[in-house]
Amino acid sequence: MNYILVVLADIANGLLAVLAASWLYSVDPQWWYFLIGIALAMSPDLDGVRELVRRGRVSASAEHTADHRDGLHYPVLWLVVGSVATYYLSYWGAVFLFATLLHFLNDFYGTGWGIKLLWPLSQRNYKLLGRRANLLKSILIEKGMWEQLSQDERKLLVIVSWSPQELPDYIHRYGLDKWIEPYYLKLNWINVVEYSLFLIAATLTLMTLLY
């Protein structure tokens, strides 16, 4: 059940992608268009399927310092593919482009260790509104880590980044293997944003289909 909360943002991204493309191309979307949109919004996470099958969860933590986002999470690549798809496929290419870019926007500010925003020019991971320690302050305090952090690691930065060399060490020190409960079952700004987006997207979708 908890895993449903994790994918609400991706569901919202898929719904919003179809709505945006439908408005742009003056298309009257059918209900199954939204299912395709949701699948496309989740497609960048195909790089986590192997880990999910092997471990029963997807997480970068002290127990597993490899980040599944090293597989397919390269926004520039998807932007190029999506732009080409939009040129040749029009509506469905736009759905693909919007759905995948919204996925990366969510990964840029939400849970996890950010994305390689500037690949192939840079291998650094970037994250919006994060700390070097990469945990919410409430989680750091709850786990007794806050007082142990340096001032640099405590700062909430507009954009935080980690090099490929330092990222495994940070994941080992601050990664959570069981991250769903603190991020999705306890109120915080990340789940408020994601739940709100889902409610907005679901409401707009229902209004579009019903009226």
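I take contact to mean heavy atoms within 4.5 Å. With that in hand I looked up leucine 15 in this predicted model, and found that, leaving aside residues up to four places away in sequence, Leu15 touches Phe34, Ile38, Ala201, Ala202 and Thr205.

**Entry: the cores.** I next asked which residues have the most contacts inside the largest nonpolar core. That core has 24 residues, and the ones with the most contacts inside it are Leu15, Val18, Tyr91 and Val95. I then traced the elements that give two or more residues to this core, and they are helix H1 (2–25), helix H2 (31–42) and helix H5 (91–109). H1 gives the most, with eight residues. Apart from this core I noted another, of 22 residues, which includes Ala133, Ile139, Tyr174 and Tyr184. As background, I keep in mind that in soluble globular proteins nonpolar side chains tend to be buried together.

**Entry: aromatic pairs.** I counted aromatic pairs and got 15 in the structure. In one of them, the rings of tryptophan 78 and phenylalanine 104 have centres 6.0 Å apart and planes at 70°, and because the edge-to-face class begins over 60 degrees, I record the pair as edge-to-face. This pair links distant parts of the chain, since tryptophan 78 belongs to helix H4 (residues 75–89) and phenylalanine 104 to helix H5, 26 residues apart. I checked burial for both partners, and tryptophan 78 and phenylalanine 104 are each buried.

I then turned to tyrosine 87 and tyrosine 88, whose ring centres lie 5.0 Å apart with planes at 85°, so this pair is also edge-to-face. Are these two tyrosines buried or exposed? Tyrosine 87 has a relative accessible area of 66% and is therefore exposed, and tyrosine 88, at 64%, is exposed as well.

I also recorded one aromatic cluster, formed by Tyr25, Trp32, Tyr33, Tyr91 and Trp92; Tyr91 is one of the residues already listed for the largest core. Separately, I found the charged end of arginine 173 sitting over the ring of tyrosine 170, at 4.7 Å from the ring centre.

**Entry: lysine 116.** I located lysine 116 in the loop between H5 and strand E1 (125–130). Why does lysine 116 count as buried? Its relative accessibility is 8%, and the cut-off for buried is under 20%, so lysine 116 falls in that class. I looked for a polar partner and found that the side chain of lysine 116 makes a polar contact with the side chain of aspartate 70, at 2.6 Å. Not counting residues up to four places away in sequence, lysine 116 touches Asp70, His73, Tyr74, Pro75, Gln123, Arg124 and Asn125.

Note on methods: Residues numbered from 1 in each chain as written. Predicted model: local features only at pLDDT ≥ 70, side-chain atom pairs only at ≥ 80, totals over all residues. Heavy atoms only, no water. Core = buried A, V, L, I, M, F, W, Y, C linked by side-chain atoms within 4.5 Å. Buried < 20%, exposed > 50% of the residue type's maximum accessible area, 1.4 Å probe, protein only. Helix = DSSP H or I, 4+ residues; strand = E, 2+ residues; numbered from the N terminus. Phe/Tyr/Trp six-rings, centres within 6.5 Å; stacked < 30°, edge-to-face > 60°. Lys NZ or Arg CZ within 6 Å of the ring centre and 35° of its normal. Polar contact = N/O pair within 3.5 Å; in protein donor to acceptor, adjacent residues only side chain to side chain.
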